[in-house]
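The following exercises are to be worked with the sequence and the coordinates at hand. Each task is followed by a solution in steps.

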Amino acid sequence: MSLQKITRLPSVRLLSSIHHHHQQLLLPSITPLTVSRRAVSQGEYRRPGQPKNVKFPLQPVNFGFSKGLEGIKKHFKLLKKEFSDRWVGPEGKPLLEHMLEQNRVIWEFRGPESLEQWTVSSDSEIGGQSEAHLKLGRNNNTSFLYGNLSSTPPRDGETRYSGYCTMRSQQPLASFDRKKPYDWSSFNTLHLRIRGDGRPWMINIATDTYYSHQKDDIYNYFLYTRGGPYWQDVKIPFSKFFLTHRGRIQDDQHPLWLDKINTIGFTLGDKADGPFQLEIDFVAVCKDYAHTEEFAYEVYKRNPEI
């Protein structure tokens, strides 16, 4: 072994020991960055047991001239309606009528085309055994949601809980497939006419959000049905809806954004296996002047007084 190699070995060991010693001294003094839980979970969410949605970059697309022409006609017709509604008033109504409006029916089921505005899903999408179906009721004047609820989890080794069925309205779209949220800021109460089977349902309202990590925020409230042959008129103030994120109630609560309503849904998940049914006549909003509550839950003070 040469003299140069012998003299290099102790120096290399000394530098490595000094570097390791400095790492032990400096690392404990560096505090880790604190990131909120919702900010960490802002990535793409996949339910346990649900397969990954692998999208290939090059997929065959159906480029049809007639299909494209129909789409252009449809979107320009919607664009023309948007410009004409602005001259008439809010949402195409005169300003005086908009100010004095106290009741508005958002969804009513009076034919097969009314069911196309709703989407039905269940835990069968992730391997569960629940079933949900939607059809028109007697005399084609109501919607009839029925099926069978099963809380047996799928045998995938990941999912521990199962058993839900959901009926959700579709996102309204403006011209060129832009989101067009509902504006219910003139009202303060949700009005339903239903006929259930005694099960508790959960009403879900999704709003348009500003940030990407809020896309899974939903406002919820429980709907208790009586059961029996008689109809039930339910009025729920919007101040009673509480904020949840992926099924978890949030500590930082704030009122529902009534001018950015995207969808509304009805979910059953009471862990009672067996058949269920829910019949809905209409879904409306109304203005209750006797209700003056802004929000029913405790909120944090944004700018506390010193």
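Of the 306 residues of the protein, 33% count as buried, where buried means under 20% relative accessible area, exposed over 50% and partly exposed in between, with a 1.4 Å probe and protein chains only. The model is predicted: local features need pLDDT of at least 70 and side-chain atom pairs count only at pLDDT 80 or more, while totals for chains, interfaces and linings use all residues. Residues are numbered from 1 along each chain as its sequence is written, and side-chain values use heavy atoms, with hydrogens and water left out.

**Exercise 1. Describe the secondary structure and the contacts of the protein.**

Step 1. Five helices and 13 strands make up the secondary structure; helices (H or I, at least four residues) and strands (E, at least two) are DSSP runs, numbered from the N terminus.

Step 2. Take the contacts between residues at least 6 apart in sequence: 74% of them join residues at least 24 apart. Contact means heavy atoms within 4.5 Å.

**Exercise 2. Identify the centre of the largest nonpolar core.**

Step 1. A nonpolar core is a set of buried Ala, Val, Leu, Ile, Met, Phe, Trp, Tyr and Cys residues joined through side-chain atoms within 4.5 Å.

Step 2. The largest such core has 37 residues, and those touching the most other members are Trp-184, Leu-190, Leu-192, Ile-203, Phe-238 and Phe-266. Strand β13 (residues 274-286) gives the largest share of this core, five residues.

Step 3. Beyond its neighbours within four places in sequence, Leu-192 has contacts that include Ile-203, Phe-266, Phe-282 and Val-283. Gln-232 and Asp-233 are also among the contacts of Leu-192.

Step 4. In soluble globular proteins, nonpolar side chains tend to be buried together.

**Exercise 3. Locate Asp-208 and determine its surroundings.**

Step 1. Asp-208 lies in the loop between β7 (200-207) and β8 (217-224).

Step 2. Is Asp-208 buried or partly exposed? Its relative accessible area is 22%, so Asp-208 is partly exposed.

Step 3. Leaving aside neighbours within four places in sequence, Asp-208 is in contact with Trp-257, Lys-260 and Asn-262.

Step 4. From C-alpha to C-alpha, Asp-208 and Tyr-182 are 9.7 Å apart in space, with their positions 26 residues apart in sequence given as the separation.
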